[in-house]
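Work through the exercises below with the model open. Try each task before reading its solution.

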Amino acid sequence: MIRPILLAIALFLSAAPAFAVNPDEVLSDPALEARARALSAELRCMVCQNQSIDDSNADLAKDLRLLVRERITDGDTDEEVLSYIVSRYGEFVLLKPRLSARTVLLWGAPVLLIIVGGISLLVFARRRAGKPTGSPLTAEEQAKLDELLGK
């Protein structure tokens, strides 16, 4: 009875995210470390590209994690840290791009596609509703139908 429960707990814990932050990178101040982890979760690993630098084991991700921690300990705000890294690596380094003139299409595309799709469905449905769905009966078919209906 206990073994299945222990197995379930072990499986549940194994699904927890494995962070790549090494113990030598962790800041001594828990508040600063929490800020660093939050910022690291927002930054893309330029090597892995689908992971944050917090989750990546790549050397570049480690360098970026250390850079984030260095900027935080120097007194930079979260926005200043992100701006500094974006100025060096470009907007692509952000996992969630900022809303700007360059990214307005990126943010607006889903809404635009839904609107265009809805309009297309309406136009298609209206055109289809106005058209007859079959061909007229031939004289022979009409005669058989009249016979069956008792006319």
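## Exercise 1: A nonpolar patch

Leucine 106 counts as exposed, because its relative accessibility is 52% and the cut-off for exposed is over 50%. The model is predicted.

**Task.** Find the helix that holds leucine 106, and state which residues make the nonpolar surface patch of about 730 Å².

**Solution.**
1. Leucine 106 sits in helix α5, residues 104-130.
2. The patch is made by Leu99, Val104, Leu105, Leu106, Trp107, Leu112 and Val116.

## Exercise 2: Two cysteines

**Task.** Determine how many disulfides a search of the whole structure finds. Then classify cysteine 45 and cysteine 48 as buried, partly exposed or exposed.

**Solution.**
1. The search of the whole structure returns zero disulfides.
2. For cysteine 45, the nearest cysteine sulfur is that of cysteine 48, 3.4 Å away.
3. A disulfide needs the two sulfur atoms within 2.5 Å, so this pair does not qualify.
4. Cysteine 45 is buried, because its relative accessibility is 1% and buried means under 20%.
5. Cysteine 48 has a relative accessible area of 33%, so cysteine 48 is partly exposed.

## Exercise 3: A charged network

**Task.** Trace the salt bridges of glutamate 33, starting with arginine 37 and going on to arginine 69. Which residues do salt bridges with shared partners join into one network?

**Solution.**
1. Arginine 37 and glutamate 33 form a salt bridge at 4.0 Å, N to O.
2. Both residues belong to helix α2, four residues apart, about one turn of the helix.
3. Glutamate 33 is buried at 8% relative accessible area, whereas arginine 37 is partly exposed at 24%.
4. Glutamate 33 also forms a salt bridge with arginine 69, at 2.7 Å, N to O.
5. That pair links distant parts of the chain: glutamate 33 is in helix α2, arginine 69 in helix α3, 36 residues apart.
6. Arginine 69 is buried, with 3% relative accessible area.
7. Now add aspartate 54, from the loop between α2 (30-42) and α3 (59-73). Aspartate 54 is buried at 4%, and a polar contact of 3.0 Å joins its side chain to that of arginine 37.
8. The network consists of Glu33, Arg37, Asp54 and Arg69.

## Exercise 4: A helix with little cover

**Task.** Count the buried residues in helix α6. What is the sign of phi at glycine 150?

**Solution.**
1. Helix α6 covers residues 139-149, and the count of buried residues among its 11 residues is zero.
2. Glycine 150 follows α6, and its phi is positive, near 80 degrees.

Key:
Residues are numbered from 1 along each chain as its sequence is written. This is a predicted model: local features need pLDDT of at least 70, side-chain atom pairs count only at pLDDT 80 or more; totals for chains, interfaces and linings use all residues. Side-chain values use heavy atoms; hydrogens and water are left out. Patches are made of residues with over 30% relative accessible area and no salt bridge: like charges are joined within 9 Å, nonpolar side chains (Val, Leu, Ile, Met, Phe, Trp, Tyr) within 5 Å. Accessible areas come from the Shrake-Rupley method with a 1.4 Å probe; for residues, only the protein chains shown count as cover. A salt bridge is a side-chain nitrogen of Lys or Arg within 4 Å of a carboxyl oxygen of Asp or Glu. Helices (H or I, at least four residues) and strands (E, at least two) are DSSP runs, numbered from the N terminus. Buried means under 20% relative accessible area, exposed over 50%, partly exposed in between (1.4 Å probe, protein chains only). A polar contact is a pair of N or O atoms within 3.5 Å; within protein, one must be able to donate a hydrogen and the other to accept it, and residues adjacent in sequence count only if both atoms are side-chain atoms.
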